[in-house]
There are 4 protein chains.
Amino acid sequence: MTPRVTEEQYFDTHEKILRAAEVLFSRNGYNGTSMNDIVKESGVSKGAIYSHFENKESLYLELQEQQTAIGIDQLKSLFTPKDSVMQKLEKVIQIQFDNTCAVPEDNCRMEMEFLVTASRMDKLREKIKDNFEVVHQFGVDIINEGVKKGEIRQDIDVDSVVSILLAAMNGLSFLWLATGVPFDLEKVKNTFLTFVFKGIMTASRDIDS
Amino acid sequence: MTPRVTEEQYFDTHEKILRAAEVLFSRNGYNGTSMNDIVKESGVSKGAIYSHFENKESLYLELQEQQTAIGIDQLKSLFTPKDSVMQKLEKVIQIQFDNTCAVPEDNCRMEMEFLVTASRMDKLREKIKDNFEVVHQFGVDIINEGVKKGEIRQDIDVDSVVSILLAAMNGLSFLWLATGVPFDLEKVKNTFLTFVFKGIMTASRDIDS
Amino acid sequence: MTPRVTEEQYFDTHEKILRAAEVLFSRNGYNGTSMNDIVKESGVSKGAIYSHFENKESLYLELQEQQTAIGIDQLKSLFTPKDSVMQKLEKVIQIQFDNTCAVPEDNCRMEMEFLVTASRMDKLREKIKDNFEVVHQFGVDIINEGVKKGEIRQDIDVDSVVSILLAAMNGLSFLWLATGVPFDLEKVKNTFLTFVFKGIMTASRDIDS
Amino acid sequence: MTPRVTEEQYFDTHEKILRAAEVLFSRNGYNGTSMNDIVKESGVSKGAIYSHFENKESLYLELQEQQTAIGIDQLKSLFTPKDSVMQKLEKVIQIQFDNTCAVPEDNCRMEMEFLVTASRMDKLREKIKDNFEVVHQFGVDIINEGVKKGEIRQDIDVDSVVSILLAAMNGLSFLWLATGVPFDLEKVKNTFLTFVFKGIMTASRDIDS
DNA sequence: GATGAATGAGTTTTCATTCAT
DNA sequence: TATGAATGAAAACTCATTCAT
C-alpha cells in the first residue's frame, strides 16, 4: 500500500542522518556535537531526525552498531582456508593498521570516539563489550590454532596475548588521537610484527637463521 | 604585611579545588563535571574558584600538569644505577601496571580522561604531546642503552618499539575503561613481559636454554 | 456513483477517531493528548484525521458537541407527564449522580475535562455556555413549575437556585477529580436531597413533625 | 558573612518570580504558561528562576503552598469567640464569595487553576487533598458544634453536608470560569444562605410561620 | 578577595500541521 | 483520498561565566 518510493526515501533520509552524525561525532565527539549541528550537516529537519531516532543517544548507538557490523564482516571475510596462523595474524594486524591508521584523519577517530564515550554511556559500554568479546574470541581462536599446530608457544596465557595485541593496536590509534603525533605506519607495523613473532630481545636472534 | 598564614590559606584553597576537580573529572569527565559540582565538592565558593583559575579549561589543564609532574618524578626516581636494561624495562612495566591498573576504579581513570579529552582540547593535546615526548624519550634512552649493550636486537626501530610498548600499556587501561571488563593483571603483566623478552612464536623456544 | 459503503466507511472512520479522542482526552486532557496519540489509539492515519477534522481544536469541539447532544437528549427523555416537580427534581439529581459520579473513574472525567478546558479555549467556552444555558433553563422551568404549583417557596430567586444546584452537582465531581478523594455517593445524594427538599420546598415546614 | 542585603535581594527576586508566575498561571494555566513567559513577566533571567526553583512544577507547587497558607490563615482568624454557629457559617460563606467571586477576573482563577491542574499533577493533587481535608475538617467542626448546640438538625450526615457546601461554593466559581457567565453575586449568596439555614437548620422548621 | 545570585546563549526534545507520493 | 515522512517553532532546562555587594 505504501509505495516503494516512500520506503526508499525513508532509507535515504535515515542514511543521510547517520552519515552526517558520523562526520560530526567523529570530528567533535558525542558532547561536542549538537542535534542542531546534525540538522545543518544532514539537511534533514529536526523533527525528521527525531522520528527516525528516539533521541541523541539512540542515534549514536545505531551508528555504532552499523560500524561494528561492518568491522565484524570485514574480519569474517579476511581469511582464505589456506592461511597459516602466521599469515592470519599478519592479515589481522595489517587490516587493523590499514583501517584505523592509514587515513587517520577520518578512520580511527570514529572508532576511538566510541571507545572513549563508552566509559560514560552504559548502553554503549555494553555494546562495546559485546563487540570486544567477539573480536577477542576471534583472536583467541587464531592463537589457539597456532598453539595446537605448534606454531605458537604453549607457555603463554592465550587470553592475555589477545588482550595485549588488541590493546597495542588500539593504543596506537588512541595515542595518535591524544597527542596528535602520527607515527611512521610502515615502520611501526613491521616492528609490531617483529614483536609478535620474535620479541625484541637479542637472545632470540638465532630464530631467523 | 601579608602574613604567612594567608599564603598557606591560598595554597590550601588552591589544593582543595584541584582535589575536588580530580575526583569529579576522573569520575564524570570534563563535560560531565560542572563548575557547580566543583563548588559543592570542594566547599570553595564559585568566585574563589574563578579567582584561582581563569576558567574551567585552565583548572583542568593545571590539574593535568600537576599529575604529569608527579608521573615524571616517579619515572625519574625509579632506577638505581645498577639496574640492567632488562630490569629497567621490567620496572617501568611494573610501575605502569601498578599505577594505572592495580586499583583501576580510581587510578587510571584520571590519566585516561586526560588522554581522551586531549583529542577535543587543543591546549591539552599540546601538553599531552609534550609529556608523551618526554616519556617516549625516556623509553628510547633505555632501549638505546640496551641496544648499545647488546641486550636488545639492533634490527628494530627504537621509536616504534617505544611507541608500541606505550600503546600497549595505555591500550590496556583504555580497553578496560571502554568495556568495563577487567583483565587478570598478574597474568597479563607476565604475558606482556614474555612478549617483550621473547615474542610469542615457538621458534624462540630455545632462548631460555 | 459514490456507493453507500463509502459513506458508511467515512462515518466509521469518523467515529473511530472520536472514540479514540474521547478515551485519550478524558484520561490525559487536551494538552496531554497529542495527535500522534490519537493516530495510535484510533488506528487511523494522520492524514485521514486531518481530512476529517480541521485541526486538534475542531476535533475536540466536535467531540464535545456529540457529548452535549447525548446529555441533552437524556434530559429531555427523562420525565413522564405524570411526574410531580419533586419527582422531576429527584430524577435530575439522580441522573446527575449516576452519570458523573457513579463510575467516576470514567464518567465525569470527560465532562470535567471540557469544563476545565473551556476557561482556556474561547470557542469551547462559547459552546459550554450555550449548553449550560439550555440546562439552566431546563432547571428554571422545573423550579418555576414548582413555584406555580405551590410546591416550591416563592421567596427565592429561581436563577440562583438553579445555579447553586448545578454548581453543587458539578462541584462534587470537580472536587473528586481535584483531590482524588471519593465521597460516599449514596450518603451525599441523600443529604443533597434533604438540602433541596427541606431547604427550598414550602412543604418542608412541617415534614419532620 | 553574607551581607543582609543579599538575603533581602534573594527574597525580592523569589517574590518577583512568584508574583509573575501567579499572574500568568492564573491567566493562562499551567500548560499555557512557558518559562520564557515568566522570564519576561518577572524581569528575572531564566537562570535565576532555575536557581530559585528546581523546575516549572516546583515553582507551581510553591506558589500553591503560599496561596494555601494564606487561605488557611484567613480561615483561622475569621471567628471571634462570641460567634454563633449561624454567624460562623455566614462568615465562611461570605468570605468564600468575597474571595473567589467578588473580583472574579483575578481572584478565583488562581484557586480554580490549581484545582483543575490537580487532576493531572500527582504532587499537586496530594497537596490539594491535604488542604481540602483541613478545610473540610474546619467545616465539620462548625457543623458538629451546631449539631451539639441543637442549632443544626441531627439527622444529616455531617461529612456530606460539608462536602456539598464546599462543592457548591467551588462549583459556582468553576462554572463561572467555564462558561464565562457571571452570576448576580448578591442574589446567589442570599439564596445560598437560605439553602443552608432553612435547609439544614432545625430552627427552619417554623421560621416562615 | 570572597561570595553566590544573576545572566543568557545553547541544549535536547516535542508536536500540531503540511504535503509529496 | 489516504498515507506518514517531514517541518520548524517553541518548550523545559543547563551551565560557564560575570559582577554587585
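What turn and what shift lay chain D on chain C? I tried that first: a turn of 179° and a shift of 0.1 Å along the axis do it, with an RMSD of 0.2 Å. The two copies are thus related as by a two-fold rotation axis. For the fit, copies are superposed by least squares on the C-alpha atoms of residues with pLDDT of at least 70 in both.

Notes on the model. This is a predicted model, in which local features need pLDDT of at least 70 and side-chain atom pairs count only at pLDDT 80 or more, while totals for chains, interfaces and linings use all residues. Residues are numbered from 1 along each chain as its sequence is written, and chains are lettered from A and ligands numbered from 1 in the order in which they are written.

Chains D and C. I looked up the contact next (C-beta atoms, placed from the backbone, within 7 Å). I found 43 residues of chain D in contact with 43 residues of chain C. On the chain D side, α6 (107-118), α7 (122-148), α8 (158-179) and α9 (185-200) give two or more residues each; helices here are DSSP runs of H or I, at least four residues, numbered from the N terminus. The most comes from α8(D), with 15 residues. By class I get 22 nonpolar, 13 polar and eight charged residues on that side. My classes: Ala, Val, Leu, Ile, Met, Phe, Trp, Tyr, Cys and Pro are nonpolar, Asp, Glu, Lys and Arg charged, and the others, Gly among them, polar. I also see that 100% of the interface residues of chain D are interface residues in chain C too, so the copies meet through the same surface.

Chains A and B. I ran the same kind of check here. Chain A goes onto chain B by a rotation of 179° with 0.1 Å of shift along its axis, RMSD 0.2 Å. Their contact takes 54 residues from chain A and 53 residues from chain B. Again α8(A) has the largest share of the chain A side, 15 residues. That side divides into 28 nonpolar, 17 polar and nine charged. Since 98% of the interface residues of chain A are also interface residues in chain B, I note that the copies meet through the same surface.

DNA. Which residues come nearest to DNA strand E? Of the 36 around this strand, I list A:Ser34, B:Gly47, D:Thr13, D:Ser45 and D:Gly47 (near: C-beta atom, placed from the backbone, within 6 Å). The largest share of that surface, five residues, is from α3(D). For DNA strand F, I also have 36 residues, the closest being A:Thr13, A:Ser45, A:Gly47, B:Asn55 and C:Gly47. There α3(A) gives the largest share, five residues. The surface near strand F divides into eleven nonpolar, 19 polar and six charged.

Helix α4(B). I checked the length of residues 56-76: at 1.5 Å a residue, the 21 residues should span 30 Å, and the end C-alpha atoms are 31 Å apart, which agrees. The expected span is 1.5 Å times one less than the number of residues. Which residues of α4(B) are buried? I find B:Leu59, B:Tyr60, B:Leu63 and B:Gln64. They cover an arc of only 135° around the axis, which puts them on the same side of α4(B); the arc is that of the directions from the helix axis to the C-beta atoms. On the other side, B:Glu65, B:Ala69, B:Asp73 and B:Lys76 are exposed. Buried is 20 or more other C-beta atoms within 10 Å of a residue's own, exposed 12 or fewer, partly exposed in between, with C-beta atoms placed from the backbone.

Terms used: Two residues are in contact if their C-beta atoms, placed from the backbone, lie within 7 Å.
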